[in-house]
Amino acid sequence: MPAPCPTPTVPPRRWWWTNRARLGCVAAVPLLGLVEPRLGGVVLIVALVLLWWGSPWPKAGRIAASVAAMGLLGAVVPDPPKETARDTVADAKAADAKAADTKAADTKRSRGAVPGATATPAATRPPAADYRGQSLDVAYGRARKAGFLVTSHDASEKDKFVRGRSLWTVCFQEPGRTGTRPALDFGVVPKGAPCPKEDGRPIPWPTMPELVWKTWRTARAEVVALGVPTYRVEARKAYRNDTLPEEGEYDDWRVCAHDPAEGEKVTGDIRATLYLSSRDNGCPEPDRGTGTTADLPDRDGDRDPDYRDPFPDDRDRDTRFPNGIPRLGDSGGAGGSSGSSGGSHGGGWSVCRHTRWC
């Protein structure tokens, strides 16, 4: 009997040739076009390749999806200027001076230099609303709706590329003209940053004040007043073998050190760390470090500071185990020093026997 013919195996479809990948690329075109028009164009090309190369869709469906992707990208990309832009302050002033000269010449002609001549109306510019302090995406949309051609630039000395209009705030605005169309140039800074005194000057970030020996409650309020969100202000222990109480119970603890230090800039994305200690314990000496190497007095060497240890001379009992550290072989732990020694000499094996940790 002849052997049956083997069933041909169909190779698995790669994920980028699936309908989900095609629809995902089409949907990503306007989203990425909002962030960066060139990036949206690249994604549009990828979407067209997936729609037309090896796609099982009918021709009408591929045409509709292609037109939809190009239409969505065109809706989010700003219109290009019809003429060469004159966005600088010098160009705007030159245009105003030329208009003033034209007006003056027309006035002279109307007064008798050229009988019967009429004055030519000077080029006028519609008044622009004050968009300072608004998010760039909001100001951009409102200015475009008012008929302005809108451009933007980084108002700080770094002159960064402005990417993602929702991440910037308008500090300055300068009117201009592009041919016959009025224009506005926005000077912007990252959202949350203060405006510089002048366009192109450094951002005047606030600096960290001296917080040492202030209470946690007072110090945190001062840091938050500088613009740092509350969730970015962190409390840590100043002594390595200390323990912070529950939140709200160390409001009166004192600041021994802080990061950033006094005088450092408090930028918009910074996290502030305050190292705290109980008022009765004081702060570590400057040369002993903070939080990593400095220890409170610990006579029995159980890494539990004496001020918390109920039995500071007994290494078998600390804050967590005031009745004795449990030992293997004991039922319920030893009771005090005598209980722990009894457990050691009994039949149970002690993990701490002959070690320095117990």
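Here are some worked exercises on ring pairs, disulfides and a surface patch in this predicted model.

**Exercise 1. Find the aromatic pairs and work out which parts of the chain each one ties together.**

Start with the count: the structure holds two aromatic pairs.

Take Tyr131 and Phe186 to begin with. Their ring centres sit 5.7 Å apart and the planes make an angle of 75°. Since edge-to-face needs over 60 degrees, this pair gets that label.

Now place the two residues. Tyr131 is in the loop between α4 (89-113) and α5 (136-145), while Phe186 belongs to strand β3 (residues 181-190), so the pair ties together parts that are 55 residues apart in sequence.

Then check the burial. Tyr131 has a relative accessible area of 5% and is buried; Phe186 is buried too, at 0%.

Move on to Trp216 and Tyr250. This pair is also edge-to-face, with 5.7 Å from centre to centre and 65° between the planes. Trp216 lies in helix α6 (residues 216-225) and Tyr250 in the loop between β4 (233-237) and β5 (254-259), so here the parts tied together are 34 residues apart in sequence. Trp216 counts as buried at 4% relative accessibility, and Tyr250 does so at 9%.

**Exercise 2. Which ring does Arg165 lie over, and which one does Arg317 lie over?**

Look at Arg165 and you'll find the face of Tyr140 beneath, with 4.0 Å to the ring centre. For Arg317, the ring is that of Phe311, and the distance to the ring centre is 3.5 Å.

**Exercise 3. Locate the disulfides, give their handedness, and say whether each cysteine is buried or partly exposed.**

Go by sulfur pairs within 2.5 Å, and you end up with two disulfides.

One of them joins Cys171 and Cys195, with the sulfur atoms 1.9 Å apart. The angle about the S-S bond is -85°, and the link is left-handed. Cys171 lies in strand β2 (residues 168-178) and Cys195 in the loop between β3 and α6, so this pair ties together parts that are 24 residues apart in sequence. The two ends have unlike surroundings: Cys171 is buried at 6% relative accessibility, whereas Cys195, at 39%, is partly exposed.

Next comes the bond from Cys256 to Cys283, at 2.1 Å S to S. Again you get -85° about the S-S bond and a left-handed link. Cys256 is in strand β5 and Cys283 in the loop between β6 (272-277) and α7 (336-345); with their positions 27 residues apart, the pair links distant parts of the chain. As for exposure, Cys256 is buried at 12%, and Cys283 is partly exposed at 28%.

**Exercise 4. Which residues make the nonpolar surface patch, and which helix gives the largest share?**

List the members: Trp52, Ile63, Val67 and Met70 together make a nonpolar surface patch of about 370 Å².

Sort them by helix. Helix α3 (residues 59-76) supplies the largest share, three residues. Trp52 sits in helix α2 (residues 37-52).

Finish with a check on Trp52. Patch members need over 30% relative accessible area, and Trp52 has 38%, which counts as partly exposed.

Definitions and conventions: Residues numbered from 1 in each chain as written. Predicted model: local features only at pLDDT ≥ 70, side-chain atom pairs only at ≥ 80, totals over all residues. Heavy atoms only, no water. Phe/Tyr/Trp six-rings, centres within 6.5 Å; stacked < 30°, edge-to-face > 60°. Helix = DSSP H or I, 4+ residues; strand = E, 2+ residues; numbered from the N terminus. Buried < 20%, exposed > 50% of the residue type's maximum accessible area, 1.4 Å probe, protein only. Lys NZ or Arg CZ within 6 Å of the ring centre and 35° of its normal. Patch = residues over 30% accessible without salt bridge, like charges linked within 9 Å, V, L, I, M, F, W, Y side chains within 5 Å. Areas by Shrake-Rupley, 256 points an atom, 1.4 Å probe, with all protein chains shown as cover. Salt bridge = Lys/Arg side-chain N within 4 Å of Asp/Glu carboxyl O.
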